[in-house]
Amino acid sequence: MRTLKGLFICLVGFGVVFSPMSFAQTNYPNKPINFIVPYGAGGSADSRSRQIAQKMSVLLKQSIVIDNKPGAGGNIGTEFVARAAPDGYTIGMGNFAPMAVNKTLFGNLRYDPETDLSPVMLVEKGPLVLVVNPNSSYKTIQDIVNAAKAKPGVLTFSSGGIGGSHQLSAELFELNAGISMIHVPYKSGSAALTDLMAGNVDLMFDQMYSAVPNIKADKLRPIAITSKKRSPLLPNVPSFAELGYPKVEVLNWQGLIVPKGTPKAIIDKLNAAANEALKDPQLRELMLSQGNEIGGGSPAEFAALIKSEAAKWSAVVKIANIKPE
């Protein structure tokens, strides 16, 4: 017995029982963390990533470096995370389209959100608002539905690109209202909104952070919001559910992800830091002021959201026959 005990102590001393990965987890993080953002600098995903990274950096007592890898609807940056070493030193912002839409939309995606990535925590989610030019003759949802049914395939809606929440919100509305409109995609949401305000397209489903300032400045007229209930920022704007379209519910979301195979201890540590970061009063106020719901919760809860959203939008992409550019 003493011989076996002595052998065990000896093995421990030489690091045979405790693997290098186990040792690394106990000291994690002991070097800077690379935070991949699958969209360009200056956008909403980039801004939120920098804000939460700064808070997490203080909590983890380690630098977190933002690395923007935009392109292909978020696929390039998301694939980079999927292909990274699962050691906790590459994390990313997992967004609505590359995590729940693009697998069905592109078909030949070089990563699988379910098998190549692990969720850490939902950061936020927020509705979109259907808006028109303030000079438009459309003042209610019924005005739009009536016009679209009178002249199928004539009304136009703009978006920031194929397969994003702008387009998918409109496609979901079309399917539930039994109407047909023309999609006019742009290279960015801001370009799509600019053309709407210029009167070159009929309507757009816009993000709250972008729409609300323009609504308050009387540059846009709001018609309906894609959340179940009205937003405190737009108390006079009805939800689609109120107007008889309960299935037209869209919440654009994003959350932290890591490569599949990242040890649970590291995921749990990142999750704890991210949840704590979301308690920061300034960050919370900023998110709420942009019409978003604050996230948080467990990796399992975020995984369930991604699974549910993937099933929902896969069906919409197929029924609406949406094709990538």
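This passage describes the nonpolar cores, the pairing of strand β4 and the setting of histidine 166 in a predicted model.

The largest nonpolar core holds 48 residues. Ile144, Phe173, Leu203, Phe240 and Trp253 have the most contacts inside this core. The greatest contribution comes from helix α14 (residues 299-319), which supplies six residues. A second core, of 28 residues, is separate. Its members include Ile33, Val37, Leu60 and Leu270.

Leucine 203 was examined in more detail. Residues up to four places away in sequence are not counted here. Leucine 203 touches Leu130, Val131 and Val132. Further contacts of leucine 203 are made with Ile144, Leu155, Thr156, Phe157 and Ser158. Met181 and Leu196 are also touched by leucine 203.

Strand β4 spans residues 117-132. This strand is mostly covered, with 15 of its 16 residues buried. Four pairings of β4 were examined, as follows: β4 runs antiparallel to strand β9 (residues 251-259), to strand β10 (residues 293-294), to strand β7 (residues 203-207) and to strand β8 (residues 221-225).

The pairing of β4 with β9 extends over nine bridges. Here glycine 126 of β4 faces asparagine 252 in β9. With β10, the pairing comprises two bridges. Lysine 125 has glutamate 293 as its bridge partner in β10. Four bridges join β4 to β7. In β7, glutamine 207 is the bridge partner of leucine 128. Four bridges also join β4 to β8. Alanine 224 in β8 stands opposite leucine 130.

Histidine 166 lies in helix α9 (residues 165-177). Its relative accessibility is 12%. Buried residues have under 20% relative accessible area. Histidine 166 therefore counts as buried. A polar atom of the histidine 166 side chain lies 3.0 Å from the backbone nitrogen of glycine 160.

Neighbours within four places in sequence are again left aside for histidine 166. Its contacts then include Ser158, Ser159 and Gly160. Histidine 166 also contacts Leu128 and Gly189. Met204, Phe205, Asp206 and Gln207 complete the set of contacts. Two of these residues recur in the strand pairing: leucine 128 and glutamine 207 are the bridge partners noted between β4 and β7. Ser158 likewise recurs, being in contact with histidine 166 and touched by leucine 203.

Notes: Residues are numbered from 1 along each chain as its sequence is written. This is a predicted model: local features need pLDDT of at least 70, side-chain atom pairs count only at pLDDT 80 or more; totals for chains, interfaces and linings use all residues. Side-chain values use heavy atoms; hydrogens and water are left out. A nonpolar core is a set of buried Ala, Val, Leu, Ile, Met, Phe, Trp, Tyr and Cys residues joined through side-chain atoms within 4.5 Å. Buried means under 20% relative accessible area, exposed over 50%, partly exposed in between (1.4 Å probe, protein chains only). Contact means heavy atoms within 4.5 Å. A polar contact is a pair of N or O atoms within 3.5 Å; within protein, one must be able to donate a hydrogen and the other to accept it, and residues adjacent in sequence count only if both atoms are side-chain atoms. Two strands pair if DSSP finds at least two bridges between them.
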